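Reader: I should like to learn how to read several local features of a protein model. May we take them one at a time?

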Amino acid sequence: MDPVRNPYAPGAGQRPPELAGRGRELDVFDIVLERIARGRPERSLMLTGLRGVGKTVLLNTLRSQAINRLWGSGKIEARPDQSLRRPVAAALHMAVRELAPRHRAPDRIDTFLGVLKAFAQRSAPTGRAGAAPKLRDRWQPGIDVPAASGRADSGDIEIDLVELFSDAAAVASDVGTGIAIFIDEMQDLGPEDVSALCAACHELSQLGAPLIVVGAGLPHLPAVLSAAKSYSERLFRYQRIDRLDRIAADQALCAPAEREEVEYEQKALDLLYEKSGGYPYFVQAYGKATWDHAPRSPITAADVRVAAPEAEAELAVGFFGSRFERATPAEREYMRAMATMSVVDGESGAVVRDDMDAAVPTAEIARALGRKPASLSPARDALIKKGLIYSGERGTVAFTVPHFGRYLRTQPA
């Protein structure tokens, strides 16, 4: 097969040639946009799921839907070491610039930009943890109007964000459209920023204002939001993004191949689904390797078996290995204990392996390592901060990366 014509795209946030299995999410967002356009109340949206299920790709696709409806939009990626103030100001600046040419009152745009500039430049009075703001946080936005005074500049991120979002929504309402802010890796926001974001979305929902936040994060994102504001459980619409079912996985492989006049034998598709588990990133990785090794169409199960070691080697280095290298020896010991444990389902009594990406009790990990649970808390907390594991329910942890336990069991101790 010609590698130049290879249609598959395993990459971080890279849109696959066929966005299969996400029709429901796209339809739901279309309804959200239409309801807001008609002045109907609607909730902001939160996408959750493991790494490799296509959250970033879906987030970008939803943004395209908003742009096609002439909404203002901006996107940011949350980082644990950065305040929300600077990136959200940049995202709103971009969104309002998209709306400005259609606004009848340039002075109104300038007034908002003055508020936005004040918000962007304002830090908490003593910075974080009582220290002066870092140099990189003293950001000068590319806004030519003077900073306003007395609006979104108190230094309290919760007060300021509510005022800023309200003013931005008013600008969008003037134009007869809306604004959508997209936030990737949302679980990495600091507690104060999460609380402020919830408060701002709460205010907007009560006012019926045309501004929504679309966030994407790991499975414990709902718990992060709930810890900040108890009403967040009712404030957002949550959508769990999971692996593809068999029909969608086959579509993701076959549709782009058919456009290149290439077909798959059924047994080849059976084996590819078994290898990939239906996870979109793995589907693309195995599909790409199989295409490059297959001599001709139709692609056979034998072609998949020949190509699989190359796909697995690439995943071992780029997808699994890079994450494993970030862990300290103590953290690796903790993850290896997770990987080698069997989990018993409480209802059926069946043994569930990590291939099902099941959570495991932290008490059982401590027992397997012969340690007290409290002594393992530093390793567990560090792994959560590094995004390698998450705690969806109290007293349990699970890998954020599909099949990570399987990978760990192949590595020497």
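Reader: Which residues of α10 meet which residues of α12?

Author: To read a helix contact, one lists the residues on each side. In this predicted model, Lys-267, Ala-268, Leu-271, Leu-272 and Lys-275 of α10 meet Ala-301, Val-304, Arg-305, Ala-308 and Glu-312 of α12. The residues of this contact comprise six nonpolar and four charged ones, with no polar residue.

Reader: At roughly what angle do the axes of α10 and α12 cross, and within what distance do they come?

Author: The axes of α10 (residues 266–276) and α12 (residues 301–324) cross at roughly 25° and come within 9 Å. Angles under 35 degrees count as roughly parallel, and α10 and α12 are therefore roughly parallel to each other.

Reader: Is the crossing of α10 and α12 left-handed or right-handed?

Author: The crossing of these two helices is right-handed.

Reader: Let us turn to cysteines. How many disulfides does the count come to?

Author: A disulfide requires a pair of cysteine sulfur atoms within 2.5 Å. By this rule the count is zero. The cysteine sulfur closest to that of Cys-198 belongs to Cys-201 and is 6.9 Å away, too far for a bond. Cys-201 is likewise in no disulfide, the nearest cysteine sulfur being that of Cys-198.

Reader: Are Cys-198 and Cys-201 buried or exposed?

Author: Buried means under 20% relative accessible area. Cys-198 has a relative accessible area of 0% and is buried; Cys-201, at 5% relative accessibility, also counts as buried.

Reader: Now the backbone. Where does the peptide bond from Ser-297 to Pro-298 stand, cis or trans?

Author: Omega is the angle to consult here. For the bond from Ser-297 to Pro-298, omega is near 5°, and the bond is cis. Pro-298 lies in the loop between α11 (280–293) and α12.

Reader: What is phi of Leu-70, and what is phi of His-403?

Author: In such cases one reads the sign of phi together with the residue type. Leu-70 is not a glycine, and its phi is positive, near 70°; Leu-70 sits in the loop between α2 (55–68) and β2 (72–77). His-403, also not a glycine, has a positive phi of about 65°. His-403 is found in the loop between β10 and α16 (404–408), and at 6% relative accessibility His-403 counts as buried.

Reader: Finally, how far apart are Gly-392 and Leu-218 in sequence and in space?

Author: Separation in sequence and separation in space are read independently. Gly-392 and Leu-218 are 174 residues apart in sequence, while their C-alpha atoms are 9.4 Å apart in space. Gly-392 belongs to the loop between β9 (389–390) and β10 (396–399), and with 45% relative accessibility Gly-392 counts as partly exposed.

Notes
Residues numbered from 1 in each chain as written. Predicted model: local features only at pLDDT ≥ 70, side-chain atom pairs only at ≥ 80, totals over all residues. Heavy atoms only, no water. Axes fitted to C-alpha atoms, helices over the stretch in contact; angles between N-to-C directions. Helix = DSSP H or I, 4+ residues; strand = E, 2+ residues; numbered from the N terminus. Parallel < 35°, antiparallel > 145°, perpendicular 65-115°, else oblique. Left-handed = near helix turned anticlockwise from the far one by under 90°. Contact = heavy atoms within 4.5 Å. Nonpolar A, V, L, I, M, F, W, Y, C, P; charged D, E, K, R; others polar. Buried < 20%, exposed > 50% of the residue type's maximum accessible area, 1.4 Å probe, protein only.
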